[in-house]
Amino acid sequence: SLILGLESSCDETAAALVTSDGAILAHRLAGQEAAHRPYGGVVPEIAARAHVEALGPLIEAALADAGKTLADVDAIAATAGPGLIGGVMVGLVTGKALALGAGKPLVAVNHLEGHALSPRLADPTLRFPYLLLLVSGGHCQLLLVKGVGDYARLATTIDDAAGEAFDKTAKMLGLGFPGGPAVERAAALGDPRAVPLPRPLVGSAEPHFSFAGLKAAVLRARDSGQYSVEDIAASFSQAVVDCLIDRTRRALKKVDGATALVVAGGVAANNNVRETLQALAAQHDLPFVAPPLWLCTDNAAMIAWAGAERFAAGLTDPLDVAARPRWPLDPNAEAARGAGV
Ligand code: ATP
Ligand code: MG
Ligand code: FE
């Protein structure tokens, strides 16, 4: 079947057409970096308005790229959360309107499920269950992906997400927005051992991540005036990688039956992160799967694909389904930790 996917949960507006065989017939994306750059971060109201302007033309362009019309589409998948609620509503309401007008079923997709299943779009041989490191702007989690809609969260961050740490470090170092790619470029010119920085929770018996202390240490290093921006960026990146690897290694020891080690989310676009995880997987004799860079950061192909997986499992949604600013993939783990993480 053919699925139209819509994404608008943060600051990328996107539309894509993907088949249930994993063929990406079209994917279109409009970023909003220029609109948010003066503020050094995503401004929700500006984002929502930009989604309204961009989404319609992107859908038309994606259909034209694929040589398809709405009549050819079997289902419409739209991100229904989590994310900035104004933006989520733009995509979800657009999806509902198209579904109603064209008489097609609607699939309300959890943005995190889009990230979590994107490796199966990249590599059709990837089977459940797999251990997923989901590292993005808003999340840093280890999940056992057992099936479509079936996720066990093994670990999460107790403060900042890894991508958030990259973004804040970029801001502190004057490297601009968006932060992750800017820090990676600066880090390539620096010495990862130059600045002594903490690795919060590394070696800890508990499973979780923490990046707040690292962020504070970056600020102190900057204010000391002793180090170059490049050395701080390189040392920071190395500290993040060390944290991600230590926590993932711990999870690999604890978890049973994972068929592969998989990384997804925007921080998975970082080469140091990918290469180090690949080496860890090799040590454990596990295949390593990471989506191509464009599929790691926000896009609509992953939403269309998650929609295709849900549609194939018979999981469609009524037209009054609600947009959700918060929407954990594993509600049990969320309840166990209490609200807010
Ligand atoms: P979420 O998916 O949790 O709702 P989001 O959609 O904003 O958050 P993504 O688009 O998945 O997040 O990822 C964006 C994040 O990835 C940003 O924090 C960005 O700094 C980070 N990122 C992107 N490229 C790189 C890179 N090369 N190195 C490190 N971090 C990166
Ligand atoms: Mg973005
Ligand atoms: Fe995302």
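Which strands does helix α9 (residues 271-283) lie across, and at about what angle does it run to β9? Helix α9 lies across β6, β9 and β10, and its direction makes about 165 degrees with that of β9. The model described here is predicted.

**The sheet under α9**

The strands β8-β7-β6-β9-β10, in that order, form an open sheet of five strands with mixed pairing. Its edges are β8 (150-155) and β10 (288-289); each has a single partner strand, so one side of each is left without a neighbour in the sheet.

Strand β6 (residues 130-135) and strand β7 (residues 140-147) run antiparallel and are joined by six bridges. Within this pair, L134 has Q141 of β7 as its bridge partner. Strand β7 also pairs with β8, again in the antiparallel sense, over five bridges. Here L143 stands opposite R153 of β8. The two strands β7 and β8 form a hairpin with two residues between them, and G149 in the turn has a positive phi of about 75 degrees.

Helix α4 also lies across strands of this sheet, namely β6, β7, β8, β9 (261-264) and β10, and runs at about 125 degrees to β9.

**The other five-stranded sheet**

A further open sheet has five strands in the order β3-β2-β1-β4-β5, with mixed pairing. Its edge strands, β3 (24-31) and β5, each pair on one side only. On average, neighbouring strands in this sheet are turned by 20 degrees against each other, direction ignored. Helix α2 packs on the sheet and touches β1 (2-7), β2 (12-19) and β3, with its direction at about 25 degrees to that of β2. Helix α11 packs on the sheet as well, touching β1, β2, β3, β4 and β5; its direction makes about 130 degrees with that of β1.

Strand β4 (residues 75-81) pairs with β5 in the parallel sense over five bridges. One position in this pairing is I76, whose bridge partner in β5 is L106. With helix α3 (residues 85-102) included, β4 and β5 make a right-handed β-α-β unit.

Is edge strand β5 (residues 106-110) buried or exposed? Five of its five residues are buried, so β5 is largely enclosed by the rest of the structure. In a regular strand, side chains alternate between the two faces of the sheet. Both faces of β5 are covered, with L106, A108 and N110 buried on one side and V107 and V109 buried on the other.

**Packing of α4 against α11**

Helix α4 (residues 111-122) packs against helix α11 (residues 301-312) at an angle of about 85 degrees, with the axes 8 Å apart. That angle makes α4 roughly perpendicular to α11. On the α4 side the contact is made by E113, G114, H115, L117, S118 and L121, and on the α11 side by A301, M302, I303, W305, A306 and E309. By class, these comprise seven nonpolar, three polar and two charged residues. Each of the two helices also packs on strands: α4 lies across β6, β7, β8, β9 and β10, while α11 touches β1, β2, β3, β4 and β5.

**Backbone features in loops**

Two cis peptide bonds precede prolines, as listed below.

| Peptide bond | Omega | Place of the proline |
|---|---|---|
| F128 to P129, cis | near -10 degrees | P129, loop between α4 and β6 |
| F177 to P178, cis | near -5 degrees | P178, loop between α5 (162-172) and α6 (179-187) |

L201 is not a glycine, yet has a positive phi of about 70 degrees. This residue is found in the loop between α6 and α7 (212-224). L201 counts as buried because it has 21 C-beta neighbours inside 10 Å, and the cut-off for buried is 20 or more.

D285 is likewise not a glycine and has a positive phi of about 55 degrees. D285 lies in the loop between α9 and β10. With 6 C-beta neighbours inside 10 Å, D285 counts as exposed.

**Surroundings of K68**

K68 sits in the loop between α2 (44-66) and β4. This residue is partly exposed, with 16 other C-beta atoms within 10 Å. Apart from neighbours within four places in sequence, K68 is in contact with L2, L17, L63 and V73. K68 and G91 are 23 residues apart in sequence, and their C-alpha atoms are 20 Å apart in space.

Notes:
Residues numbered from 1 in each chain as written. Chains lettered and ligands numbered in written order. Predicted model: local features only at pLDDT ≥ 70, side-chain atom pairs only at ≥ 80, totals over all residues. Axes fitted to C-alpha atoms, helices over the stretch in contact; angles between N-to-C directions. Helix = DSSP H or I, 4+ residues; strand = E, 2+ residues; numbered from the N terminus. Parallel < 35°, antiparallel > 145°, perpendicular 65-115°, else oblique. Contact = placed C-beta atoms within 7 Å. Nonpolar A, V, L, I, M, F, W, Y, C, P; charged D, E, K, R; others polar. Buried ≥ 20, exposed ≤ 12 C-beta atoms within 10 Å, placed from the backbone. Pairing = 2+ DSSP bridges. Right-handed = clockwise from strand over helix to strand, strands pointing away.
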